[in-house]
Amino acid sequence: MLSVCTLLSCSLIAACHGTEHNDEAERADSIIAACTDLMFSAPAKADSTLVALQGTLTDSASWYKAEVFRGTSHQLLGDTLRAAHHYARVQHWCHTHTGSHYIEGLLWNHRGVNAIIGGKQHEGRICYERAFTLLNQPPKGRELIAVTINLADIYMQSGKMPRAAHYYRYALFLCDSLHDTRSRASICSGLGQVYMELENYTEAHKFFAQAAQHIDRESLQTQFFYHFSLGNCYYYEEQYNQALKSFAKARQLAEKFNDKVLLINCDANMGEVYLMQDKLPQARFHLNRCQGAAMQRMQPKEKFYIKSLLADLSLAEGNISKAATQLQAINDSALATGSPRYLMLHYRRLQRYAARYGMWQRAYHYLQQANRYADTLNSLQTRNNVTEMGERYQRDTTLLHQQVALADYSAKTARQQNFILLIIGALIMLALVATLIIVTYRRRTQERIKRQMQHITELRMDIVRNRVSPHYIFNVLGTVLPKLQRYPELVKPVELLIDVLRGNLLTSGKVAVPLCDEIALVRHYVELHHYSKGPLPHVTWQVTSQLEHSQWLVPSMSLQIPVENALKHAFPTLTDECAIHIAVELHDNMLHLCVTDNGQGYNPGKVKRTGRDTGTGLRLIARTLEILNQRNRHAATFNIVNVPPPHHGTRMQLCIPTNYDFDTSTTRK
């Protein structure tokens, strides 16, 4: 029964993932990964793609990584001279650049693969061991997994199953450490094949079952290796129907990437299974497929085994002369290349052939040869089993020590967790106490704010009652009403008075009003003042049309109170130079309401009282902002300053952030 190894399906694919993380290196790795699959089916196209990639690279490490894969492409094309040229260029660069062990490890891995393809097992193993030494150092990457798998394969092909199992398990350990699931299927398939060779079929199927969990996400080559190895396992267990299903699936996969050698391996194994089932036509069909030009690319021991199978089929068909010719064609040099298992089966066929012709002495000689190789094979398997059991015992002992250490660590961790839980409990209690304190404080704060808002409402009503006093209303009506009978156009002052009274009453119970309403109310108030007191002082406005009609909220009376104060107190004596400038502007995410006069300046202690002043207007604005600022991250400000020399007068400015919240409810979310 022929077997294959994982190195063609895994080593080059895995080796294209580097440790660099810049954008150019990631792009190069992605293209190289695509070329890796392409190299086995179209190496020339892969080489041209790599050449185009190198023309765009500025990073030397990525460039020489592509150079390694170019060498392998030429090797697969059969151009060994150009392949050696590419490899030598990479080798020279690695020797002249420190820290290039990663690229050099890739190089020796590729050289090992090429040596195995050329049938140079010993040279391939040396290359893999050098690659393993270079890559088995921090930081360890996926390339080390590939090289470890290749080493396991080469030891398995050499019949050193314990060493193969050792490297496969190390590769499995690397997969777990690096959180890499992409190679688990090929590793588990390799371990399954190792235990199959050791005739430990229970352990073999355990690893094949693990490989089946990831196999659908693997490359075609890895899927082929899994199904081919599983078929071999079923064959050794004499479950021939299951073996045929696995070999048929492997052959379908080999057809997809058009590998003639792997197709011959599948046909040879399927022919042997049919031969064991005495289904001679099917056996002849598959074994005839093995003959052709592609057979020349196979290793000598594989050629020997296929020729031996063809002779056995001729014997089974009763074609003794053809069988004799085929057996005689197998010379001594071919026998020397066969493995103990192949030679054992070959001499058994010769023994059956001699017995059929009645050549009992030769039949006995062939039987002795077959038994000798069977004993050799059994001895080898026994040694391998003993060695593997020793390594498994050592590994289990190590794991036991680790488990004891983990148990101690778990106990220590449990104690730490209990201590942490105690601290967390204490913190939770502190948090509950703090929460209770905060809730109590907030409740008291809300009650205080509620009382303050009631006080503000009372102050606002006082302003309404005092701002338009009965005496003032009497004077205005006494001036205007007699004239209304003769001059209908003087109806306007009365209408303005009504608008001002209505506006003040409507805003007295509100914390905030739209900016457009506040501006309209102040315009009416100023116009009414000019009707009743004359055109002085001059009042000018600086408001954009956008803000004139804006619904932006501002504190109620926030513009009216400064304007009223300026009209009442800024000018002891009215002259034509007396002026008040009202500006409403938006800049730096702040709304600015500014009232500026050129009067006597701000000096609260020297303001002459009229008897109707309560002094609550400006205090109302300051108190309102004090409460609202407690609810906002960015505070609003209200300032009263004297105009700096050489000018004179007072500037009252209110600044409100654009995202200011006027919600004064005691229960806010």
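H179 is exposed in this predicted model, because its relative accessible area is 72%, over the 50% cut-off. Its place in the chain is the loop between helix 9 and helix 10 (184-197). The backbone at H179 is worth a look too: phi is near 55 degrees, a positive value in a residue other than glycine. As background, most residues other than glycine have a negative phi, and most peptide bonds are trans.

N589 gives you another case of a positive phi, about 60 degrees, although it is not a glycine. You will find N589 in the loop between strand 4 (579-587) and strand 5 (590-597). N589 is exposed, with a relative accessible area of 58%.

Two peptide bonds also deserve a stop on this tour. The bond from P138 to P139 is cis, with omega near -5 degrees, and P139 sits in the loop between helix 7 (121-135) and helix 8 (142-157). Further along, P645 and P646 are joined by a cis peptide bond with omega of about 10 degrees. P646 belongs to the loop between strand 6 (637-642) and strand 7 (650-657).

Now step back to see the whole chain. Its secondary structure comes to 26 helices and seven strands. Of its 669 residues, 47% count as buried. Among contacts with a separation of 6 or more, 67% are between residues 24 or more positions apart. The accessible surface comes to about 33900 Å², and carbon and sulfur atoms account for 56% of that.

Let us go inside next. The largest nonpolar core has 115 residues, of which I103, Y168, I187, L191, V194 and F224 touch the most other members. Helix 9 (residues 161-177) supplies the largest share of this core, 10 residues. Domain 1 (1-165) and domain 2 (181-257) both contribute residues, so the core lies between them. I187 makes a good place to zoom in: leaving aside its neighbours within four places in sequence, I187 is in contact with I145, I149, Y168, A171, L172 and C175. A second, separate core of 44 residues includes V522, V554, L618 and Y660.

Nonpolar side chains also appear on the outside. A surface patch with about 1100 Å² of accessible area together is formed by F419, I420, L421, L422, I423, I424, L427, I428, M429, L430 and L432. One of these, I420, is in helix 20 (residues 360-467). I420 is partly exposed, with a relative accessible area of 45%.

Finally, consider the charged pairs. The structure holds 14 salt bridges. In one of them, the side chains of D47 and R70 meet at 2.8 Å, N to O. D47 lies in helix 3 (residues 43-54) and R70 in helix 4 (residues 60-76), so the pair ties together parts that are 23 residues apart in sequence. Both D47 and R70 are buried.

Helix 4 takes part again through E67, whose side chain meets that of R89 in a salt bridge (3.2 Å, N to O). R89 is in helix 5 (residues 80-96), and this pair links parts of the chain 22 residues apart. E67 counts as buried, because its relative accessibility is 0%, whereas R89 is partly exposed at 32%.

R184 forms a salt bridge with D176, with the closest N and O atoms 2.6 Å apart. R184 counts as buried at 16% relative accessibility, while D176 is partly exposed at 46%. Last of all, salt bridges that share partners join R251, E255, D267 and R289 into one network.

How values were computed: Residues are numbered from 1 along each chain as its sequence is written. This is a predicted model: local features need pLDDT of at least 70, side-chain atom pairs count only at pLDDT 80 or more; totals for chains, interfaces and linings use all residues. Side-chain values use heavy atoms; hydrogens and water are left out. A nonpolar core is a set of buried Ala, Val, Leu, Ile, Met, Phe, Trp, Tyr and Cys residues joined through side-chain atoms within 4.5 Å. Buried means under 20% relative accessible area, exposed over 50%, partly exposed in between (1.4 Å probe, protein chains only). Helices (H or I, at least four residues) and strands (E, at least two) are DSSP runs, numbered from the N terminus. Domain bounds come from an automatic or database domain assignment. Contact means heavy atoms within 4.5 Å. Patches are made of residues with over 30% relative accessible area and no salt bridge: like charges are joined within 9 Å, nonpolar side chains (Val, Leu, Ile, Met, Phe, Trp, Tyr) within 5 Å. Accessible areas come from the Shrake-Rupley method with a 1.4 Å probe; for residues, only the protein chains shown count as cover. A salt bridge is a side-chain nitrogen of Lys or Arg within 4 Å of a carboxyl oxygen of Asp or Glu.
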